[in-house]
Amino acid sequence: MTHSLAPIRSLCLAALVLAALPCAALAQTPNADPSSDTPFNSMAIARDEADACRVPKPPADLAETAYMRNGYRAILRILIAEEALASESCTCLLDQFTWDQALTALPRFQTSDNPRLPFNVLELYAKADALEAQVVEACAE
């Protein structure tokens, strides 16, 4: 006597599909807060207070490569820290600076005539870190 496994396979597949339906429905349930208009898959994590004065990532149209954008970000960090030290200010000065100022300051930080690598980003980041540490130290007093 030969038995076909096809009906058993079909029954198991149907049971599996029925068991998965509630999970799929839960995964597509919208946010529980009806006043929120942000979809779940695009929710951003709120920035910490300490990050509120952190120089953000530069806009993509600032420079062609990430290397250049990172360099301009470091330059802006340096400019802000230098201003904070010069003015003895312990408040966030980020809103007083623009990306255009970082572009304008390029000649001061340029270490090469190569237009694709005009500066050493690692050195700029080290200088920015050191200046920011000085600001933190001066403000702690």
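# Exercises on a predicted five-helix chain

Asn 70 is partly exposed, at 33% relative accessibility. Asn 70 sits in helix H2. The model behind these exercises is a predicted one.

## Exercise 1. The overall fold

Task: Describe the secondary structure of the protein chain and the confidence of the prediction.

Solution.
Step 1. Count the elements: the protein chain has five helices and zero strands.
Step 2. Read their order from the N terminus, which is α-α-α-α-α.
Step 3. Check the confidence. The mean pLDDT of the protein chain is 81, and 65% of the residues reach at least 70.
Step 4. Look at the extremes. H2 has the highest confidence, with a mean of 96, while H1 has the lowest, with a mean of 58.
Step 5. Apply the caution that goes with low scores: predicted coordinates should not be read in detail where pLDDT is low.

## Exercise 2. A salt bridge between two loops

Task: Find how many salt bridges the whole structure holds, then state where the partners Glu 64 and Arg 116 lie.

Solution.
Step 1. The search of the whole structure gives four salt bridges.
Step 2. In one of them, the side chains of Glu 64 and Arg 116 meet, with 3.2 Å from N to O.
Step 3. Place the partners. Glu 64 belongs to the loop between helix H1 (6–27) and H2, and Arg 116 to the loop between helix H4 (106–109) and helix H5 (121–140), so the salt bridge ties together parts that are 52 residues apart in sequence.
Step 4. Classify Glu 64. Its relative accessibility is 69%, so Glu 64 is exposed, the cut-off being over 50%.
Step 5. Classify Arg 116. At 48%, Arg 116 is partly exposed.

## Exercise 3. Salt bridges of helix H2

Task: Identify the salt-bridge partners of Arg 77 and Arg 108, and decide whether Arg 77 is buried or exposed.

Solution.
Step 1. Arg 77 pairs with Asp 129, and their closest N and O atoms are 2.4 Å apart.
Step 2. This pair links distant parts of the chain, with Arg 77 in helix H2 and Asp 129 in helix H5, 52 residues apart.
Step 3. Compare each value with the cut-offs. Arg 77 has a relative accessibility of 8% and is therefore buried, since buried means under 20%. Asp 129, at 43%, is partly exposed.
Step 4. Widen the view: Arg 77, Asp 129 and Glu 132 form a network of salt bridges.
Step 5. Turn to Arg 108, whose partner is Glu 82, with the closest N and O atoms 2.4 Å apart.
Step 6. That pair also links distant parts of the chain: Arg 108 is in helix H4 and Glu 82 in helix H2, 26 residues apart. Glu 82 is partly exposed at 24%.

## Exercise 4. The nonpolar core

Task: Find which helices supply the largest nonpolar core and which one gives the largest share.

Solution.
Step 1. Start from burial in general: 25% of the 141 residues of the protein chain count as buried.
Step 2. The largest nonpolar core has 27 residues, and those touching the most other members include Tyr 72, Ile 75, Leu 76 and Phe 109.
Step 3. At least two residues of this core come from each of H2, H3, H4 and H5.
Step 4. The largest share is that of H2, with 10 residues.

## Exercise 5. The largest pocket

Task: Describe the volume and the lining of the largest pocket.

Solution.
Step 1. The space in the largest pocket is about 440 Å³.
Step 2. Its lining has 19 residues, and Cys 53, Arg 54, Ile 80, Glu 132 and Val 135 are the closest to the centre.
Step 3. H2 and H5 are the elements that give two or more residues to this lining.
Step 4. Sort the lining by character: 13 residues are nonpolar, two are polar and four are charged.
Step 5. Connect this with earlier results. Ile 80 is also among the core residues that touch the most other members, and Glu 132 is part of the salt-bridge network with Arg 77 and Asp 129.

## Exercise 6. Backbone and distance

Task: State what is notable about phi of Glu 88, and how far apart Asn 70 and Leu 124 are.

Solution.
Step 1. Glu 88 has a phi near 55 degrees, a positive value in a residue other than glycine.
Step 2. Glu 88 lies in the loop between helix H2 (66–87) and helix H3 (99–104), and is exposed at 72%.
Step 3. Asn 70 and Leu 124 are 54 residues apart along the chain, and their C-alpha atoms are separated by 9.3 Å.

How values were computed:
Residues numbered from 1 in each chain as written. Predicted model: local features only at pLDDT ≥ 70, side-chain atom pairs only at ≥ 80, totals over all residues. Heavy atoms only, no water. Helix = DSSP H or I, 4+ residues; strand = E, 2+ residues; numbered from the N terminus. Buried < 20%, exposed > 50% of the residue type's maximum accessible area, 1.4 Å probe, protein only. pLDDT = per-residue confidence, 0-100. 1 Å grid on protein atoms, 1.4 Å probe; cavity = no way out; pocket = protein on both sides within 12 Å on 5 of 7 lines; lining within 4 Å. Points joined across faces, edges and corners; volume = space filled by probe spheres on them. Nonpolar A, V, L, I, M, F, W, Y, C, P; charged D, E, K, R; others polar. Core = buried A, V, L, I, M, F, W, Y, C linked by side-chain atoms within 4.5 Å.
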